[in-house]
Amino acid sequence: MAEPKTVTITDNATGKSVDYTILEGTHGAPVIDMQRLAADFGYFCHDPGYTTTSSCRSAITFIDGNKGELLYRGYPIEQLAQESNYLEVCYLLLYGKLPDQTEWESFNRAVRQHTMVHEGLRRFMNGYRHDAHPMGMLVGIVGALSTYYHDSLDIQDPEHRELSALRIIAKMPSIAADCYKYSIGQPYMYPINSLGYVENFLQMMFAVRAEPYVPNPVAVRALELMLILHADHEQNASTSTVRLAGSSGANPFACIAAGIATLWGPAHGGANEAVIRMLNEIGDARHIRKFVDRAKDKDDPFRLMGFGHRVYKNFDPRAKIIRQACHDLLNDLDSSHSNQPLFEIALELEQIALKDDYFIQRKLYPNVDFYSGIILSALGIPLSMFTVLFAMARSVGWIAQWMEMLVDKEQRIGRPQQLYVGAARRDYVAMDDRG
Ligand code: CMC
């Protein structure tokens, strides 16, 4: 077997040199195993935002930002978007393989068995203020699930872990729809387990007991795609939060609630909402040029929302896929749809920005959130629910990463170091003696 590659670190002050092993993954940049740095030299690494730190070994998702590649368990997102469905992607992320027919049927049955929400939880929901933000409700309700499922909270028991995963995947659509129904004062709908995952969610959101409801298949497909594309994105802020919370041994519902809280921030899950706010602010296609000029002006903090990405520097593969679904959905919609002027602005903005040198040179392409915001809006989903849908899609990623962490032999409680820059040690001064 070939010797592992190493990198040597030398302390210029003492002349001490130590070799550190370079770890190679299946894909992606190699990483230096720095775990002994403090023991060898007494130094820690300073890395705010963990931009150069690999926090774990993971076999779930791989992103190559330069190539614009996203793989779930090795499968390209384009193939999954084309061939698969959200529940099958859930199985893949959780178990690391595509299911055979028997596995698929039993997974499907198991998820359907857990779609209902305990009535006590609904009473809990009724305690929120009438205008509560649904993300605030979601954080609380998902955290509260732990108080209903004492039977499955032993995190050392693989069956308990699996049951919690199924419950989270199955109940998120019911809880999300309940939050919406509560906010508009309509009675909660119960899940109909003969429906598919997405159809069931749409009926719980939009059906009323007084009338039959038939979801539009183009809408179902667009939402299914959105769920697949947002199902996991490796060690982003909310996923890292779930892992950090889980590293202390917290129960899965508490960990996912922590992930939802992190996703809520506008720098993370809130961009699709920001896109629609921006389109509303533009208001008329005649004003687009003015907004594009503002985005290019260095003295103006305004940016085009839904353009650019921290990791994807050539294109966002998810955006490429969802763009088509977005166009299909807009074509399918009645031209009298109340949001039609907004969509026209979006499509014109997309074209103008794609041809503008400023955006071309900086490799600023529309990202997934540009299109997902438009899709959700076209589906009649209110702005305050956008991040809730992102959370619903990402729950499987969070729970798969949490399960992976619990069986990782390297896993320890997450505990970053710090560079202390506060007051130097000093003695307490009695109040009368303070100057
Ligand atoms: N509009 C106008 N100019 C932009 C934009 C934009 N949306 N994004 C970047 N730039 C410019 C920026 O001013 C800079 O110009 P210069 O080189 O002349 O100084 C250059 O492009 C590079 O920008 P950066 O800030 O170094 O890029 P970054 O990788 O740090 O930021 C970003 C990435 C996503 C934060 C940023 O592109 C942005 O703020 N976009 C708008 C918000 C948005 O859509 N966010 C959603 C991202 S997708 C969410 C997900 O994957 O979960």
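Which residue lies over the face of Tyr 190? I started my notebook with this one, and the residue I found there is Arg 122, at 4.4 Å from the ring centre. A note to myself before going on: this is a predicted model.

**Entry: another charge over a ring**

I then looked up Phe 315. Lys 320 lies over the face of this ring, and I read 4.4 Å to the ring centre.

**Entry: the ligand**

Next I turned to the ligand and listed its neighbours. I found 18 residues around the ligand. Those that come nearest are Leu 304, Gly 306, Phe 307, His 309 and Lys 313. I sorted the shell by class and got seven nonpolar, four polar and seven charged residues.

Then I went through some polar contacts, one by one:

- Gly 306 uses its backbone: a polar atom there is 2.7 Å from an oxygen atom of the ligand.
- Asn 367 uses its side chain, where an N or O atom is 2.9 Å from an oxygen atom of the ligand.
- Lys 298 has a polar side-chain atom that lies 3.2 Å from an oxygen atom of the ligand.

I also checked how much of the ligand is covered. On its own, the ligand has 950 Å² of accessible area, and the protein covers 71% of that.

**Entry: aromatic rings**

How many aromatic pairs does a search of the whole structure find? I got 14. I picked out Tyr 358 and Phe 359 for a closer look. Their pair is edge-to-face, with 70 degrees between the planes and 5.1 Å from centre to centre. Both Tyr 358 and Phe 359 are buried. I followed the ring pairs further and found that they link Phe 307, Tyr 358, Phe 359, Phe 370 and Tyr 371 into a cluster. I had met Phe 307 already, among the residues that come nearest to the ligand.

**Entry: cysteines**

My last search was for disulfides. A disulfide is a covalent bond between the sulfur atoms of two cysteines. My count came to zero. Why does Cys 90 have no bond to Cys 255? I looked at the sulfur atoms: the closest cysteine sulfur to that of Cys 90 is in Cys 255, but it is 18 Å away, so it is too far for a bond. For Cys 255, the closest cysteine sulfur is in Cys 56, and at 14 Å this is also too far for a bond. I noted the surroundings as well. Cys 90 is buried, with a relative accessible area of 0%. Cys 255 is buried too, with a relative accessible area of 0%.

Methods
Residues are numbered from 1 along each chain as its sequence is written. This is a predicted model: local features need pLDDT of at least 70, side-chain atom pairs count only at pLDDT 80 or more; totals for chains, interfaces and linings use all residues. Side-chain values use heavy atoms; hydrogens and water are left out. A residue is near a molecule or strand if one of its heavy atoms lies within 4 Å of it. A polar contact is a pair of N or O atoms within 3.5 Å; within protein, one must be able to donate a hydrogen and the other to accept it, and residues adjacent in sequence count only if both atoms are side-chain atoms. Accessible areas come from the Shrake-Rupley method with a 1.4 Å probe; for residues, only the protein chains shown count as cover. Ala, Val, Leu, Ile, Met, Phe, Trp, Tyr, Cys and Pro count as nonpolar, Asp, Glu, Lys and Arg as charged, and the others, Gly among them, as polar. Rings of Phe, Tyr and Trp (its six-membered ring) pair if their centres lie within 6.5 Å; planes under 30 degrees apart count as stacked, over 60 as edge-to-face and the rest as tilted. Buried means under 20% relative accessible area, exposed over 50%, partly exposed in between (1.4 Å probe, protein chains only). A charge sits over a ring if NZ of Lys or CZ of Arg is within 6 Å of the ring centre and within 35 degrees of the ring normal. A disulfide is a pair of cysteine sulfur atoms within 2.5 Å.
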